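Work through the exercises below with the sequence and the coordinates side by side, and attempt each task before reading its solution.

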Amino acid sequence: MAIWTKIITLFRGAAHEAGTAVVDANAMRILDQEVRDAQNALLRSRDDLAKIMAQRKIANDKLNDKKAKQAEYSNYIREALARDNRALAQEVATKLATIEADIATEGKIIGEFDNSIAKLQSSARQAETVITRLKQQIDTVKATESVQRAQAALAAQHAGTGAKLGTALDSLERIKQRQTERAAQLEVAEELAQATGEDADLQRRLAQAGIVPGESSAESILARFESPAPKALNHDGTPQLSQPGVASKTS
Amino acid sequence: MNTPWTTESLYEALRSDKSVDLDGVELSLIGGVDAIVNITMHDHGDLAMHMAVSGEQIFVSSPLCLATQVKDRAAFNEACLRLNPVNPLSNLGLQNVGGEDLYIVFGELSSRSPLPAVVEEIHALADNTIQAAEAFADHLK
């Protein structure tokens, strides 16, 4: 498409210039011109089409008139021959010959009109396609331009601070950092969980061994009532480990 | 045929429609003659994307990297061209932004696209941009 070549040439030319606004303005101007040209072409071919269709209608009306005449004269000839008026039949036949020649000519002209109409209709359809495509291209340029301007505004905001325009690379860095942080958090949480787990396990075993107070069981409570309530801790050296839960419930 | 979106109507729809999945996606409208929507993708390292509607098209763009961050421009350009056809839904491009060349990943949709398609485009573009940044790691400084 010629339009692509034009735009690419523009970009090539502008590569030496600082800004891109020039390129966009030129591209838009070219695209606008192309749309106007295509729309004019479309209007012209529609005008031509209307004219030719009118001419075809006139030619067709004429043809129908001639055909009516043809039928009429044929009847006259038949009638004249039936009444044995050969001279009159001859005269009408001469006229009919002219009419039939005219019919052939008109028919040819109408055929030519039909060809032109088909051609114009197809070129109108083509022009419509071109216009639609160009309008899409204009939409793309405009949308791209809005986004580009917004990004340029962002870049300008950063320019003063010495920071550069944020890209996917910064985001990727952030994602990696967050993943590392999350992994570290998980690790700490796991260690904590493990530590408390280990602690709990030790406590449980200590309680089982009767070294630290465990849960009060019916057994330990009964034992408390049954024993002669010693004043001191059971430090007489008697191994009591065979009765877990009893030993330290005395305080 | 449904009516085409404008930047404003699309922004309003994205904000008010509760059925769309926009978790971790922050939207803000920047008004003006040519309004645009700023999109911050919190689940994609706060990637900043932009969206604008013009006539028949929705344009969504995401900044990949600055040309100054590329080691070998020629090699990188070729890598981009080779990746482009296999990159689903998104395209790679080069734009001059504020006097600086910026590689972008972008997508285009019809402005008559249903809302879920627009949301899918936003997510796909963010995914593709981050994946492209990862894939091109060797080419970047």
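The conventions come first, followed by three exercises with solutions.

This is a predicted model, in which local features need pLDDT of at least 70 and side-chain atom pairs count only at pLDDT 80 or more, whereas totals for chains, interfaces and linings use all residues. Residues are numbered from 1 along each chain as its sequence is written, chains are lettered from A and ligands numbered from 1 in the order in which they are written, and side-chain values use heavy atoms, with hydrogens and water left out.

**Exercise 1.** Determine where in chain B confidence is lowest and where it is highest.

Solution. Begin with the average pLDDT (the predictor's confidence in each residue, from 0 to 100), which is 90 for chain B, with 99% of the residues at 70 or above. Then go to the elements (DSSP runs, helices being H or I of at least four residues and strands E of at least two, numbered from the N terminus): strand 5 (residues 91-97) of chain B is lowest, at a mean of 88, and helix 1 (residues 7-16) of chain B is highest, at 94.

**Exercise 2.** Compare the span of helix 4 of chain A with its expected value.

Solution. The expected span is 1.5 Å times one less than the number of residues. Helix 4 (residues 168-208) of chain A has 41 residues, for which 60 Å is expected, and its first and last C-alpha lie 58 Å apart, close to that value. Just after this helix, Gly210(A) takes a positive phi of about 80°.

**Exercise 3.** Identify the buried residues of helix 4 of chain A and their packing partners.

Solution. Buried (under 20% relative accessible area, with a 1.4 Å probe and protein chains only) are Ala168(A), Leu169(A), Ser171(A), Leu172(A) and Ile175(A). Through contacts (heavy atoms within 4.5 Å), the buried residues of this helix pack against strand 3 (47-54), strand 4 (57-66) and helix 3 of chain B.

Methods:
Buried < 20%, exposed > 50% of the residue type's maximum accessible area, 1.4 Å probe, protein only.
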